[in-house]
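Q: Please take a close look at the surroundings of the ligand in this model, and then place that part within the chain as a whole.

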Amino acid sequence: MPDIKTIGVIGGGTMGNGIAHVAARSGFKIILHDIEQRFLDRALATITKNLDREVAKGKITANDKAVTLSQIAPTTNYSALADADFVIEAVVETVDIKSKVFRAIDEIARPGVILASNTSSISITRIASKTKRPDKVIGMHFMNPVPIMTLVEIVRGLETSDETRQTTNRLAAALGKIPIEVNDYPGFVSNRVLMPMINEAIFCVMEGVAAPEAVDSIMKLGMNHPLGPLALADLIGLDVCLDIMEVLHTELGDPKYRPCPLLRKMVDAGQLGRKSGQGFYKY
Ligand SMILES: NC(=O)c1ccc[n+]([C@@H]2O[C@H](COP(=O)([O-])OP(=O)(O)OC[C@H]3O[C@@H](n4cnc5c(N)ncnc54)[C@H](O)[C@@H]3O)[C@@H](O)[C@H]2O)c1
């Protein structure tokens, strides 16, 4: 992609560090932004560990690892994003925070630079309305874990231009991903279908229908899912699952999307899945 050399990634959590990893490995320069140095340190430690795994498997060489890491410039300073040719936002799934972030990047990114959000469920049209360039705002929904999963759901907001859509599709392909386009509705396709299934699996546990291991084994052995819904919820993060269910429930207004009370209780207790060491399973 001759016109895109430097990608700004905002948020170095589960998804942001995966996006930075894949984009740096694909030859792009990365400006990785997070709010505190310790989150950047954690992101770089995770990327290093995941690259080590790729070296051990023979997928990349030790030199590829060193080059990839050297492509990533961590920063806590938004103004560094002025050098980005394309920006991908991956901060927490709350409308208020995403709105603030998009207002801020819109001021800093050069005119013409596309601002993509990795949101799982928040309206791209609403996020775009916080900027003066709604035609250049688009959803670029990567799947977790980013270095492994092939899909990127491309979400077109009401005002997203064809040019923005085409450039974003090309960038996804340059990252070795397969882009699939959908229109902007709550949860898009992926989480509109996936999250109610996970939520229902949590209801099964809460109501004593079966223990987590049994629920997951039934979906693995009976439906050929590679991972059970509760193990997947732990991988995604229970806080992220709750945020998405809240969006589906509020935006679509149908009680079938009400978050399971057990999910809420686990999030209140700080049991967020893999990232906190405890979810439906211990890590
Ligand atoms: N976890 C998943 O499986 C998954 C999959 C697809 C999409 N998503 C979406 O990706 C986004 C990020 O999710 P995650 O799981 O990586 O969350 P996370 O909590 O692991 O990481 C969020 C990161 O954003 C940082 N952050 C918070 N406010 C910020 C700000 N104002 N500026 C810069 N950085 C800020 C946090 O410090 C943290 O490092 C969410 O929109 C989520 O819905 C998540």
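A: The account below begins with the ligand and its shell, moves to a helix that contributes to the contacts, and ends with unusual backbone positions and the overall fold.

This is a predicted model, and every value given here is computed from it. Around the ligand there are 28 residues, of which Met15, Asp34, Glu93, Lys98 and Ser120 come nearest. Sorted by class, this shell holds 13 nonpolar, 10 polar and 5 charged residues. Several elements of secondary structure take part, since helix H1 (14–25), helix H2 (37–56), helix H4 (95–108) and strand E6 each supply at least two residues of the shell. The largest share comes from H4, with 3 residues.

Particular polar atoms can be picked out within this shell. An N or O atom in the side chain of Ser120, one of the nearest residues, lies 2.5 Å from an oxygen atom of the ligand. A nitrogen atom of the ligand has a polar side-chain atom of Tyr78 at 3.1 Å, and a backbone N or O atom of Ile236 lies 3.0 Å from a nitrogen atom of the ligand. The ligand taken alone exposes 840 Å², and the protein buries 90% of that area.

Ile236 leads on to helix H9 (229–236), where it is one of the buried residues, together with Pro229, Leu230, Ala231, Leu232, Ala233 and Asp234. Because 7 of the 8 residues of H9 are buried, this helix is largely enclosed by the rest of the structure. The cover over the buried residues of H9 includes H7, H8 and helix H10 (238–252). Just after H9, Gly237 takes a positive phi of about 110°. In the loop that runs between helix H8 (212–223) and H9 sits Asn224, which has a positive phi of about 65° although it is not a glycine. Asn224 counts as exposed, at 68% relative accessibility.

Most residues other than glycine have a negative phi, and most peptide bonds are trans. Against that background, Phe188 is a further residue to inspect, with a positive phi near 50°. Phe188 lies in the loop between strand E8 (178–183) and helix H7 (190–206), and it is buried, with a relative accessible area of 4%. A cis peptide bond, with omega about -5°, joins Asn144 and Pro145. Pro145 belongs to the loop that follows strand E6 (137–142) and precedes strand E7 (151–156); E6 is also one of the elements that supply at least two residues of the shell around the ligand.

On the other side of E6, in the loop between helix H5 (124–128) and that strand, is Lys136. Despite its charged class, Lys136 counts as buried, at 17% relative accessibility. Leaving aside residues up to four places away in sequence, Lys136 touches Gly112, Val113, Ile114, Leu115 and Thr164.

Turning to the whole, the chain has 11 helices and 8 strands. Its radius of gyration is 19 Å, close to the 19 Å that the globule rule gives for 283 residues, so the chain is as compact as a globular protein of that length. The C-alpha trace spans about 55 × 45 × 35 Å along its principal axes, and 51% of the 283 residues count as buried. Of the contacts between residues at least 6 apart in sequence, 67% join residues at least 24 apart. The chain exposes about 13000 Å², with carbon and sulfur atoms supplying 56% of it.

Conventions
Residues are numbered from 1 along each chain as its sequence is written. This is a predicted model: local features need pLDDT of at least 70, side-chain atom pairs count only at pLDDT 80 or more; totals for chains, interfaces and linings use all residues. Side-chain values use heavy atoms; hydrogens and water are left out. Helices (H or I, at least four residues) and strands (E, at least two) are DSSP runs, numbered from the N terminus. Buried means under 20% relative accessible area, exposed over 50%, partly exposed in between (1.4 Å probe, protein chains only). A residue is near a molecule or strand if one of its heavy atoms lies within 4 Å of it. A polar contact is a pair of N or O atoms within 3.5 Å; within protein, one must be able to donate a hydrogen and the other to accept it, and residues adjacent in sequence count only if both atoms are side-chain atoms. Accessible areas come from the Shrake-Rupley method with a 1.4 Å probe; for residues, only the protein chains shown count as cover. Contact means heavy atoms within 4.5 Å. The radius of gyration is taken over C-alpha atoms; the globule rule is 2.2 Å times the number of residues to the power 0.38.
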